[in-house]
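User: Please take a close look at a single part of this model, the main nonpolar core, and set it in the context of the chain as a whole. I would prefer one connected account to a list.

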Amino acid sequence: MNITAAQKRRVRSALGAVRKDFTSQRVRAKRRGIGWELSFEQWCTIWQSSGHWEGRGRGGNAYCMSRMGDVGPYAIGNVFIAIGRENSSDTPKKKSGLPIGVMKSFNRKSFRASRRINGKRIDLGSHRTPDLAHAAYLRAASPIFLKSVS
């Protein structure tokens, strides 16, 4: 199969746009004082394995690359793909002051975590502190967890 010059130009153009997205995210992280330890290839692999490549973008309903607990660098093992409105989930969003995905248990002595995945509410268990419950909420976005509930 021979590839025409026009096809090669389209591939180069698409790859250039993707590299521009990568560079843009890396530059924005640097401006915010956040470390960046991902290569272009690693960044692409994370996005492709998430299944949300086409939904990438900025804003509440687009998918974005997030850091666990919003701490540390963008690095393998410290990032996951989430919907933009969930990305800033460390900041309280509710009247209770608790992070998204966390609520007080009925006994008022523990905190429950839950997350919607593929339209289903998944209970993530009871935790001693809001921080532990929120960590469970963030872990539920990892590709390994998502495969286990699919």
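Analyst: Two residues are taken to be in contact when heavy atoms of theirs lie within 4.5 Å. On that basis, in this predicted model, 33% of the contacts in the protein chain with a separation of 6 or more join residues that are 24 or more positions apart. The chain itself has 5 helices and 5 strands, which follow one another from the N terminus in the order α-α-β-β-α-β-β-β-α-α. Of its 150 residues, 35% are buried, while the chain exposes about 9800 Å², with carbon and sulfur atoms supplying 54% of that area.

Against this background, the largest nonpolar core has 16 residues, and those with the most contacts inside it are W36, L38, W43, M65 and Y74. Helix α1 (5–31), helix α2 (40–50) and strand β2 (79–83) each supply at least two residues of this core, the largest share, 5 residues, coming from α2. Apart from this core lies another, of 10 residues, with L98, I117, L124 and A136 among them.

Within the largest core, W43 offers a useful point from which to look outward. Once its neighbours within four places in sequence are left aside, W43 is in contact with V18, D21, F22, Q25, W36, L38, W53, R56 and M65, and W36, L38 and M65 are also named, like W43 itself, among the residues with the most contacts inside the core.

One of the contacts of W43 deserves a separate description, namely D21, which is found in helix α1. D21 counts as partly exposed because its relative accessibility of 33% falls between the 20% and 50% limits. Not counting residues up to four places away in sequence, D21 touches W43 and R56, and its side chain makes a polar contact with the side chain of R56 at 3.0 Å. D21 and G57 are 36 residues apart in sequence, yet their C-alpha atoms are 9.0 Å apart in space.

Finally, there are the cysteines C44 and C64 to consider. C44 is buried because its relative accessible area, 12%, is under the 20% limit, and C64 likewise counts as buried, at 13% relative accessibility. With a disulfide taken as a pair of cysteine sulfur atoms within 2.5 Å, the count comes to 0 disulfides.

Definitions and conventions: Residues numbered from 1 in each chain as written. Predicted model: local features only at pLDDT ≥ 70, side-chain atom pairs only at ≥ 80, totals over all residues. Heavy atoms only, no water. Core = buried A, V, L, I, M, F, W, Y, C linked by side-chain atoms within 4.5 Å. Buried < 20%, exposed > 50% of the residue type's maximum accessible area, 1.4 Å probe, protein only. Helix = DSSP H or I, 4+ residues; strand = E, 2+ residues; numbered from the N terminus. Areas by Shrake-Rupley, 256 points an atom, 1.4 Å probe, with all protein chains shown as cover. Polar contact = N/O pair within 3.5 Å; in protein donor to acceptor, adjacent residues only side chain to side chain.
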